[in-house]
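Student: I should like to learn how to read the principal features of a structure such as this one. May we go through them in turn?

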Number of protein chains: 2
Amino acid sequence: MQIAVVLYDRFTALDLVGPYEVLAGLPGAEVVTVAEKPGLVTDDAGTLAIHAAAGLDEVPRPDVVLVPGGVGSHYQMAEGKLHEWLRRADRTSTWTVSVCTGSLILAAAGLLTGRRATSHWLAKDQLALYGATPVDERVVLDGHYLTAAGVSAGIDMGLILAGKIAGEDAAQTRQLMMEYAPEPPFRAGSPGSAPERVVGPVLARREALLTGTEAG
Amino acid sequence: MQIAVVLYDRFTALDLVGPYEVLAGLPGAEVVTVAEKPGLVTDDAGTLAIHAAAGLDEVPRPDVVLVPGGVGSHYQMAEGKLHEWLRRADRTSTWTVSVCTGSLILAAAGLLTGRRATSHWLAKDQLALYGATPVDERVVLDGHYLTAAGVSAGIDMGLILAGKIAGEDAAQTRQLMMEYAPEPPFRAGSPGSAPERVVGPVLARREALLTGTEAG
């Protein structure tokens with residue numbers, strides 16, 4: 001089972017590595033990191049560079065396509081090589097999945113038209129601009145598409161996907177090995193649960209966050 | 001605030017990227033990936049390579065030292081350059097922290113003698129071999145050491161550390177931006193909660209997992 005993990009400049013590292021860690025440990029998984037060109041790709045904090053092992057053209061028919069989000073997703077909304085590759089790969093993929101604003105890229109490529117989907121809470125409404133229906137859930141399944149909410153939601157999505165690919169026992173084995181029994185020290189993981197003094201300033205600089213002039 | 005993230009062959013990617021994602025977004029954070037030599041370092045699934053921006057010698061006095069775990073930690077238990085660097089850096093660091101079996105490396109380097117600490121549930125008992133006291137908690141604080149349980153526990157540790165470094169509001173802002181309101185799809189994140197049919201086979205191949213002949 002070939003899993004293509006898409007890299008682009010200024011992706012969010014955890015968007016990618018959360019589901020990667022779940023999926024790479026499944027029996028028979030063969031992960032390949034892909035980008036427009038092979039080589040180092042730097043994340044949106046500017047300090048973590050992951051190696052893209054292959055160019056998009058070298059991986060034409062992956063079984064799973066995984067698209068992370070990130071500040072740089074803003075620069076992947078226009079028609080081009082990535083969109084073309086996504087549409088072609090999606091024709092034969094078993095699963096096409098995204099984390100955070102990765103769903104906006106899928107939607108802009110035309111893959112989520114008429115589909116239910118989710119994204120980072122700050123960006124979710126934009127899905128409608130590309131013909132998808134924003135849904136307020138952490139992980140959304142529609143057809144062979146799985147979209148996850150912001151950043152850390154990719155771990156939950158990865159486990160759901162692992163269950164569908166390899167069965168629930170295999171998925172639970174991954175959860176056990178990753179010791180995923182989360183204990184967030186604060187109650188601040190969503191705009192509804194975080195204190196107003198935390199949400200307020202984030203909303204105030206929403207525009208800068210969304211257009212990539214400031215890292216999330 | 002300089003944060004040195006240690007890479008070594010066959011680290012676990014999420015051990016590193018979980019806390020990285022929390023900390024790299026803090027105001028004033030300056031993350032640097034370090035390894036014995038600069039260059040690409042591959043994870044324990046064999047399919048994700050992260051670039052070490054600097055050699056250990058180039059980063060002598062980081063404010064925070066972060067050591068991930070992984071199958072490869074088994075090969076970092078002997079005295080050598082990494083241990084020497086850890087002891088030296090720890091003398092001036094504000095925080096020295098680990099995820100998963102990263103705590104075994106800290107302990108083997110002599111840093112956790114007489115300290116309470118935790119590790120991956122499969123490896124925690126080994127802390128006692130190096131003079132530390134294993135504790136059954138997800139994140140353990142003792143002095144300026146924070147140790148986290150397996151893999152995903154690094155996110156919780158990262159948020160606790162963020163609170164201590166930058167204050168609770170800044171930590172909660174990171175949690176909100178990472179949308180960390182986890183919804184694990186299964187109840188299998190610890191040996192106590194996972195079904196016996198999942199835990200049993202893992203315990204049966206425990207030896208292979210611990211000695212690195214099989215990826216976790």
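Student: Which residue forms a salt bridge with Arg115(A)?

Tutor: Side chains of opposite charge can pair when their charged atoms come close. Here Arg115(A) forms a salt bridge with Asp142(A), and the closest N and O atoms are 3.0 Å apart; the term denotes a side-chain nitrogen of Lys or Arg within 4 Å of a carboxyl oxygen of Asp or Glu. Arg115(A) lies in the loop between helix H3 (102-108) and strand S8 (116-117) of chain A, whereas Asp142(A) belongs to strand S10 of chain A, so the pair ties together parts that are 27 residues apart in sequence. Helices (H or I, at least four residues) and strands (E, at least two) are DSSP runs, numbered from the N terminus.

Student: On what basis are such values given?

Tutor: This is a predicted model, in which local features need pLDDT of at least 70 and side-chain atom pairs count only at pLDDT 80 or more, while totals for chains, interfaces and linings use all residues. Residues are numbered from 1 along each chain as its sequence is written, chains are lettered from A and ligands numbered from 1 in the order in which they are written, and side-chain values use heavy atoms, with hydrogens and water left out.

Student: How many salt bridges are there over all chains?

Tutor: The count comes to twelve over all chains. Across the interface of chain A and chain B there are two. In a salt bridge between Asp169(A) and Arg197(B), the N to O distance is 2.7 Å.

Student: What relation do the two chains have?

Tutor: Two copies of a chain are related by a rotation about an axis and a shift along it. A turn of 180° with a shift of 0.0 Å along the axis lays chain A on chain B with an RMSD of 0.0 Å; the superposition is by least squares on the C-alpha atoms of residues with pLDDT of at least 70 in both copies. That is the relation of a two-fold axis. Ile50(A) comes closest to the rotation axis of the residues of chain A, its C-alpha lying at 2.3 Å.

Student: How many residues does the contact take from each chain?

Tutor: Contact means heavy atoms within 4.5 Å, and 64 residues from chain A and 64 residues from chain B take part. The area buried between the chains is about 5,600 Å², with carbon and sulfur atoms giving 63%; buried area is the accessible area (1.4 Å probe) that two parts lose on being put together, summed over both. Within chain A, the residues that lose the most area to chain B are Leu176(A), Glu179(A) and Phe186(A), together 14% of what that side buries.

Student: How are the strands of chain A arranged in the open sheet?

Tutor: Strands of a sheet pair through backbone hydrogen bonds, either parallel or antiparallel. In chain A, seven strands form an open sheet in the order S5-S2-S1-S6-S7-S11-S10, with mixed pairing; two strands pair if DSSP finds at least two bridges between them. Strand S5 (54-55) and S10 of chain A stand at the edges with a single partner strand each, so one side of each is left without a neighbour in the sheet. Strand S1 (residues 2-6) of chain A runs parallel to S2(A), joined by five bridges, and Ile3(A) has Val31(A) as its bridge partner in S2(A). By contrast, S10 (residues 139-142) and S11 (residues 145-148) of chain A run antiparallel, joined by four bridges.

Student: What do S10(A) and S11(A) form?

Tutor: They form a hairpin with two residues between the strands, and Gly143(A) in the turn has a positive phi of about 65°.
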